[in-house]
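Welcome, and thanks for taking a look at this one with us. Please have the sequence and the 3D view open as you read.

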Amino acid sequence: GRDGIVLKAQVLAEQASRYGDSGILGLGRSPDTVLYVVTDEEGNSRVMERRLDGAAEAVELYAEVLIHNLLFDPVSRLHIGYWKEGVRPELVMLDPNTQARVAATRKAFPGSRVHFAAFSGGLDRMVVLTEGDEDSGTWWLVDIAQGSADILGQNFPQISAGQIGPTREWQYRAADGLEIEAIVTEPPTGARDNMA
C-alpha cells in the first residue's frame, strides 16, 4: 500500500458577523493552542484562545486591555506578549523574566519614552529608540548581560538638546465623557523668555 498523510479537520469556532472581522492570529501561549479574533455585537474585536484538540471552551484574553498589536516568538511562533494601546504603545511580555528586562530597560532611560524596535529571544539584546526631554530620537543597542547601552545613531543629530522642549502626557474628558490621552510638547527651556 501507499503511505499517506491523514488530515482531520475540525471547527474551532463559528461566528456570524456583519463586520467580517474574524480569523486566526497564530499559535497561543502553548503549542497546543491557537489565537483567533472575533467581533462582538458592538463591533469590538476580541482575542480568543482555544485548545487545538477542542477539549475546552475558548477563553478570551485581554478583555480589559486595548491591544495595539500581538507579539509572537520568531522561532517557536508562540504568543509571548503584546503592545498595549495608548498614546505611546507599551510593550508587555507574558513571561515575568522578560517583562523584568522590559521594565529595567525603561528604567535605564529615565524621563524618556522607550520604544522597543527589535530584540533577541529572551530579550538578551534589544534595539530601542528613546525620545523625550532633550532627546529628538536616539537609537540604542541594549545588552542585558553586559549591562550596556551603546548609541547606534540619532534621528535628528543636527537638533541640539536645548532646542527640544519637554513633553508630558495629559488626559482630558471629551464632551461625551470619553477619556482622551494626549502628548503636550512645551517650548524649550528659556524659549518663553525669548519671545517678545
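Let us begin at arginine 77, which sits in the loop between E5 and E6. This is a predicted model, so everything below describes computed coordinates.

Is arginine 77 buried or exposed? Its relative accessibility is 52%, and because the cut-off for exposed is over 50%, arginine 77 counts as exposed. Its side chain still finds a partner: it reaches the backbone oxygen of proline 74 at 3.1 Å. Leaving aside residues up to four places away in sequence, arginine 77 touches Leu27 and Phe72. There is also a long step along the chain to point out: serine 30 is 47 residues away from arginine 77 in sequence, yet their C-alpha atoms are separated by 9.5 Å.

Now to the sheet. Four strands form an open sheet in the order E1-E2-E3-E4, and their pairing is antiparallel. Why do E1 and E4 each have a side without a neighbour in the sheet? Strand E1 (23-27) and strand E4 (59-61) stand at the edges with a single partner strand each, so one side of each is left free of a sheet neighbour. From one strand to the next, the twist averages 35 degrees. In general, strands of a sheet pair through backbone hydrogen bonds, in a parallel or antiparallel sense. Here, strand E3 (residues 45-51) is joined to E4 in the antiparallel sense over three bridges. In one of the pairings, glutamate 49 has valine 59 in E4 as its bridge partner.

The aromatic rings deserve a visit too. How many aromatic pairs does a search of the whole structure find? There are two, set out here:

| Aromatic pair | Centre to centre | Angle between planes | Arrangement |
|---|---|---|---|
| Tyrosine 62 and tyrosine 82 | 4.5 Å | 50 degrees | tilted |
| Phenylalanine 109 and tryptophan 140 | 5.1 Å | 50 degrees | tilted |

The tyrosine pair links distant parts of the chain, 20 residues apart: tyrosine 62 lies in the loop between E4 and strand E5 (67-72), and tyrosine 82 in strand E6 (residues 79-84). Tyrosine 62 is buried, with a relative accessible area of 18%, and tyrosine 82 counts as buried at 9%.

The other pair also links distant parts of the chain, with its members 31 residues apart. Phenylalanine 109 is in the loop between helix H1 (96-107) and strand E8 (112-119), while tryptophan 140 belongs to strand E10 (residues 135-143). Both phenylalanine 109 and tryptophan 140 are buried.

Notes:
Residues numbered from 1 in each chain as written. Predicted model: local features only at pLDDT ≥ 70, side-chain atom pairs only at ≥ 80, totals over all residues. Heavy atoms only, no water. Pairing = 2+ DSSP bridges. Helix = DSSP H or I, 4+ residues; strand = E, 2+ residues; numbered from the N terminus. Axes fitted to C-alpha atoms, helices over the stretch in contact; angles between N-to-C directions. Phe/Tyr/Trp six-rings, centres within 6.5 Å; stacked < 30°, edge-to-face > 60°. Buried < 20%, exposed > 50% of the residue type's maximum accessible area, 1.4 Å probe, protein only. Contact = heavy atoms within 4.5 Å. Polar contact = N/O pair within 3.5 Å; in protein donor to acceptor, adjacent residues only side chain to side chain.
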